[in-house]
Amino acid sequence: MRRFPALVLLAVVVASGLALQGFRDLPWTDAAGSVLYSMAAVFSLCLVWPSREMPRPLVVAGVALALCVVVELAQLTGLPARVPQLRWVLGTTFAPVDLLWYAVGALGGAGAMVLVGRLRP
């Protein structure tokens with residue numbers, strides 16, 4: 001995936017996440033937010049991946065999933081809750097079910113990478 005499509009997909013995911021904030025009282029929004037967070041990690045990695053040649057989508061998804069798991073586990077330390085600037089990015093409460101939703105989002109991001117790669121001339 002080239003960087004511009006990754007940037008567009010990242011913008012769509014971030015906009016969707018921000019729009020989701022208006023529905024925080026609905027039961028499915030936490031899961032949807034976790035999926036979008038993981039997808040944003042996939043597309044962010046596509047933007048900053050050091051080599052010119054992008055690795056396979058499942059490799060990028062695996063790295064993104066690992067980063068999301070580390071962030072979720074960091075919530076167990078309480079540090080994100082004590083540092084206000086980290087709350088929006090890292091969250092404050094550990095929820096084991098988020099790990100499942102991160103995997104779903106990472107696979108969704110990998111699927112989007114494959115689809116966008118096929119659209120390329």
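This passage describes the nonpolar core and the largest pocket of a predicted model.

The largest nonpolar core was examined first. This core holds 24 residues. Val 13, Val 42, Phe 43, Cys 46, Met 54, Val 60 and Met 113 touch the most other members. Two or more core residues come from each of four helices: α1 (3-20), α2 (29-48), α3 (57-74) and α6 (96-119). Helix α2 provides the largest share, with nine residues. In soluble globular proteins, nonpolar side chains tend to be buried together.

Val 13 illustrates the packing of one core member. Beyond its neighbours within four places in sequence, Val 13 is in contact with Leu 36, Met 39, Ala 40 and Phe 43.

Phe 43 also serves as a reference point for Pro 5. The two residues are separated by 38 residues in sequence, and their C-alpha atoms lie 9.0 Å apart. Pro 5 is part of helix α1. Its relative accessibility is 25%, so Pro 5 counts as partly exposed, since the buried class ends at 20% and the exposed class begins over 50%.

The largest pocket was considered next. Its space amounts to about 1100 Å³. The lining comprises 32 residues, of which Gln 21, Gly 33, Tyr 37, Trp 88 and Val 89 are the closest to the pocket centre. Helices α1, α2, α3, α5 (84-90) and α6 each give two or more residues to this lining. The contribution of α2 is the greatest, at 10 residues. By residue class, the lining contains 17 nonpolar, 10 polar and five charged residues. Helix α2 thus gives the most residues both to the core and to the pocket lining.

Conventions:
Residues numbered from 1 in each chain as written. Predicted model: local features only at pLDDT ≥ 70, side-chain atom pairs only at ≥ 80, totals over all residues. Heavy atoms only, no water. Core = buried A, V, L, I, M, F, W, Y, C linked by side-chain atoms within 4.5 Å. Buried < 20%, exposed > 50% of the residue type's maximum accessible area, 1.4 Å probe, protein only. Contact = heavy atoms within 4.5 Å. 1 Å grid on protein atoms, 1.4 Å probe; cavity = no way out; pocket = protein on both sides within 12 Å on 5 of 7 lines; lining within 4 Å. Points joined across faces, edges and corners; volume = space filled by probe spheres on them. Nonpolar A, V, L, I, M, F, W, Y, C, P; charged D, E, K, R; others polar.
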